[in-house]
Every structure is written in structure tokens, then in C-alpha cells.
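I opened a fresh notebook page for this one. My plan was to look things up one at a time and jot down what came back.

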Amino acid sequence: MFAHRAKWIGLGFILPAFVLYTLFMIYPFIFAVYMSFFNWNLIAESTMNFVGLHHYKLMFEDPLFWRSLRNASWFIVGSFLVLMPISFALSLVVTSDLKFKRFFKTAFFMPVVLPLTAVGLMWTYILNPNFGAFNALLDTLGLGGLAHDWLGDPHVSVYITVLVNAWVYAGLNMVIFAAGLVSIPKDIYQAAEIDGANRANQILKITIPMMKETFKIFAILAITGSLRVFDIVYVMTGGGPNQMTEVPATLLFNATFKYNNFGLGNSIGTFILVVGLAFSLILNRFVKHDT
Amino acid sequence: MKTKKIAAYGFAVIWSAITLFPLYFTLISSVKSNTEIFGLSAFKLPTRYHFEHFVRVFVEAGLGRALFNSFFIASISTLLVVLLASMASFYLAKSTGRLPGMLYAYISIGIMVPIHSTLVPLVKLVSSIDGYNSYFTIIAVYATFQIPFAVFLITGYIRSLNKEIDESAMIDGCGPVRYLFTFVIPISMPIISTTAILTFLFIYNELIFAVLFLTKKEMYTISLSMLSFVGERSVEMGPIFAAIVIAILPMIAVYLTMQEKVIGGLSSGAVKG
């Protein structure tokens, strides 16, 4: 299209997107790395002193930072132990010949479209020790002894946020698994049936091996997604009680905007950036390699 | 065979209940009085329906205004994303050489950047241009963060289109601007509508940029307004639940009316992002 004319006309089409993108995304992204080597504060006129790797040293010595990483790894563990089996089972339901599967699909996917703020609040109140439905449910099941201030107990609150996160994303991963399921040719199952393989055997010996790529995609999403968790934790616990549920993104937010610890905020920002980009690149390569 | 089917139904029903119960709980609590929320079982319907909670939240707590803000900001940002990304994609898909390839790679970086790492510098940037509490800033920031993925989707689609029309359009003397708006954009409507829905949902649901850049009440988005309302009125539960209902209803409406598009868009968004 642009070959016959001056190439510069074409550049006009990309210029507005290019300018916005460079100003609001690439510039902050480079500046974040640059600023992490300086002592500074949010006031625009203040002077910046070069301190080298000082903030990184402090960050790696900070137990809070390691705790936020440990909590992020709970999100990864939860993705594989809870989210993956549930999503996979849901995808079997919506690709089966069950009646009402359209209704089921609609219901299963619903949490994905809701604002995470609303989801966080809904679950906070369901888990509320005074009037929440969860303790009431335990009571009716005769398990009243287990009733708890779920989000107020530092030993369980992080697991609760992991489970709520799984509740949100089960529907989304269901669709990803379902796409993998429908791409498996039907005649393989017919052949297996003739050979006398039952359904459980078919899933173990045919479905799961043939969906290797889909499981890899899930693994990438689970790891990169777990490192990016913010909204659910911010709304449900704010990183508390006692900063026990901090994940890297909430720690960055709280350190910078709540405790004015800009050095820590910026070094975590750079850390998230480097680790996030590295994971995306490595894992993407790892998938493409095998396809 | 029978028992397996029952197990499958059982699982499907239980997970549907787990998925839908929070919505039910929020909905019935939104019309309960405080005494019933604390006294009555969480599963029971109220004895008297307090619909006035909705009026109070909508008018007094300013959720009406916040709903307008969210829709306004999300719609304008979506329009901007679709327009700028279509233009950029048109150039990237239709021109050859090293420069477009480099520009495409440059914009693709944006798909992988974790947004939280840019927060602190963005705050510094916005404060240096005095950009707090402005529709202009928040729309520019939201649009920017959606552009990379939109470019990725739309460029892919335009590249897959038949190239013969390009030739005939040029022979007929159709300039690139007219060609983009009268041919390419209408033909690319399937991917543009997916991009638009995805962008709209993401921006309507977004929280962190709103927390950082909108500090005046009349600028609050729905998520922000809901959070601040919870902070102020932690003793009156009914209106808080009503606020949550007001925030989620538009998304449920969008979802139920455009289900296939929404599911397709969000899952492609997840896989590529």
C-alpha cells in the first residue's frame, strides 16, 4: 500500500500510537530502572543522589521482600494444585454432551468478567466472621468448630486469597483447556473404545498427553499471572494483617505510596519488570520450541 | 456409565453453586436491613425488602456519578485504542521493509511489560504535568496500556486479508486514509469488536491507575467509589452490598448479551498476553 508513495506518509498512521506508547509506557519503564539507582522522593523538584545498588542490597536483605515472593509462590502452587484440576474438569464438562452445558459454561465463566474490586469485596463479606455466609455454612454442616476470622488470621489469609484467585480464573482457564480438548481428533477415542479403554483411561492415556501444549500455556499463565497478582490482595487484605499477605505488587504499592519508602518501591518495580519479562521470554521460547 | 454421568452433573452443579452463590449472597444482602444481615441466616431471603439502599447509594454516595465516569472513561479510551491501533496496524500490516518490522517488535514489548513496574515513574510523570483528576490523563494512560495488544490482534487480522483489493483500490486512486476507513476498518470489524470489548472490560474493571490518578470524589470510577464507600460506612452493610450490585450489573449485562465475543476475546487476551 505504501510502497508506491513516499514511505513517510505511512508513518503518520503509526505516529499517534507511537508517541502515546513511548511517553506513557516505554519512558516510565526505562525511568523505573534508572531511578532505582538513585536516592529520591516523589517531589518533582527534589534532587537525586546516585546510590548504585544500595536499594537492591536493602531489598534483598528485607524479610518483607522474601515474604512477598513466598506468597507469590503460594499463588503459583495454588494454580497447579487447585486451579488446574478444577479448570480441566470444568473443560471436560463444557465439551461433553451433558444437558445444560451452555448454562454451565455461562455460569463458570461469569467471575472472569466481574470487576476484581467487587469480587474481593463480595468474598471479604462472605468470609466475614460476624455475618458471613461461609461460617454459617460450616455451622449448618455441623462444622461450626472450624469457623474463623478467615482474613484476620495471618496463618490462613494468604491461602484464602489464593483460593479466591482460583475462583476468579477457573472459568478463563476452562476455556483454554476446552480449546485444547476440541482439537483432539474424535476417532482416537473411538479406536480406544473399541480396544476397551474406559473413560478414565482415555483421559489419562490420550487426552492429557495430547494436550501437552495447552498445559504449557497454562503453566506460563499461572507463573506470570501469579507474579502480577494485585487487585484481589489489595482489596481483601491490603497486604495485612501485619503485612503477612504482601505479594510483590502490593509491597511495591504499600512501600511507595503508604510508607514513602521509594527506594524499596523502585527496586521491587525493577525486579518485577526483569523477572516478568524474563519469564515471558523464556517460557514463550520453551513453548514455541516444541510446536 | 450412569454413575460417571451423575458424578459429572454433580461436579457441574456444585461448581455452578460455588460460582453463583457469592452473587446471590450479595444480591439478597443488598436489600436486607442491618439487623437482618447480622441476625438472619446468610442464606435466607429478607422479610422486608429495602430497595431504598439502591437509591441512597446511587444518589447520596455518588455511585451514579462514578458509574458515569467509568462508562465515559472506558468508552472514550476504547474508541481511542480502536482508532489508533487500527491506524498503526494498517501501516504495520501493509508496508514492507525493516522499519515496520522494528516498530512492530518495539510495540510488542508492551504486551509483556508488567504494569506495576511502571507505577512509580508514571506517578512522577503525571505529577510533573499536573495531570491528577483529569479525564485526559487517565484516558491517555488507559489507552496506552491497551494499544500494544490491540495492535497485535488487529495487525494479525489485516495481514490475513486478501491483498488483491489493495491493488484495485490504488488503481482507482483511492488514498490510504480513505482506503483505511472505507475498506480496511469495515472488513476488520470482527477483530475490532473483539478488541473493543476486551479493552472496555479491562478499563471498566481497572483499579490501580484510578487509585493513583483520581483523588477527587467527583472523578472516582465505580471501583474506587465502591472502595471509598466501604471505608466510610463500614457500619451500614445493606448499602455497601447495593453498591457492589450496581458495580457488577453492567458487566453481567455486557457478558450475557455478547457472551461468545466476551469469552473468545478474554481467552485470546489471556493466551497472547
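My entries follow, starting with confidence and ending with a few backbone angles.

**Entry 1: confidence**

I began with a reminder to myself that this is a predicted model. The predictor's own scores for the complex are an ipTM of 0.88 and a pTM of 0.88. For chain B I found a mean pLDDT of 87, with 97% of the residues at 70 or more. Where in chain B is confidence lowest, and where is it highest? The low end is helix α8 (residues 164-171) of chain B, with a mean of 75, and the high end is α4(B), at 94.

**Entry 2: the low-confidence helix**

I stayed with α8(B) for a moment. Is it buried or in the open? None of its eight residues is buried, so α8(B) lies largely in the open. Just after α8(B) I came across Gly173(B), whose phi is positive, at about 75 degrees.

**Entry 3: the high-confidence helix and its partner**

Next I turned to helix α4 (residues 63-94) of chain B, which packs with helix α10 (residues 189-205) of chain B. I noted an angle of about 140 degrees between them and axes 9 Å apart. The crossing of α4(B) and α10(B) is right-handed. I then listed some of the residues in the contact: on the α4(B) side they include Ile73(B), Val81(B), Val82(B) and Ala85(B), and on the α10(B) side they include Ile192(B), Phe200(B), Ile203(B) and Tyr204(B). Which classes make up this contact? I have 10 nonpolar and six polar residues written down for it, and no charged ones.

**Entry 4: domains of chain B**

The domain assignment splits chain B into domain 1 (2-50) and domain 2 (64-233 + 244-272). I checked the spacing too: the C-alpha centres of domain 1 and domain 2 of chain B lie 35 Å apart.

**Entry 5: where the chains meet**

How many residues of each chain are in contact with the other? I got 71 residues of chain A and 77 residues of chain B. On the side of chain A that touches chain B, helix α1 (residues 7-35) of chain A gives the most, with 16 residues. By class, that side of chain A has 53 nonpolar, 14 polar and four charged residues.

**Entry 6: Asn49(A)**

I picked Asn49(A), which lies in strand β2 (residues 49-50) of chain A. Why does Asn49(A) count as exposed? It has 10 other C-beta atoms within 10 Å, and the cut-off for exposed is 12 or fewer. Leaving out residues up to four places away in sequence, Asn49(A) touches Phe38(A) and Asn39(A). I also looked at Phe37(A), which is 12 residues from Asn49(A) in sequence and 8.5 Å from it in space, C-alpha to C-alpha.

**Entry 7: positive phi in chain A**

Most residues other than glycine have a negative phi, so I wrote down two that do not follow this. Gln243(A) has a positive phi near 55 degrees, and its place is the loop between α11 (231-236) and α12 (248-258) of chain A. With 19 C-beta neighbours inside 10 Å, Gln243(A) counts as partly exposed; 20 or more would make a residue buried. Asn260(A) is not a glycine either, and its phi is positive at about 50 degrees. I found Asn260(A) in the loop between α12 and α13 (262-290) of chain A. Asn260(A) is exposed, because 11 other C-beta atoms lie within 10 Å.

How values were computed. Residues numbered from 1 in each chain as written. Chains lettered and ligands numbered in written order. Predicted model: local features only at pLDDT ≥ 70, side-chain atom pairs only at ≥ 80, totals over all residues. Axes fitted to C-alpha atoms, helices over the stretch in contact; angles between N-to-C directions. Helix = DSSP H or I, 4+ residues; strand = E, 2+ residues; numbered from the N terminus. Left-handed = near helix turned anticlockwise from the far one by under 90°. Contact = placed C-beta atoms within 7 Å. Nonpolar A, V, L, I, M, F, W, Y, C, P; charged D, E, K, R; others polar. pLDDT = per-residue confidence, 0-100. Domains from an automatic or database assignment.
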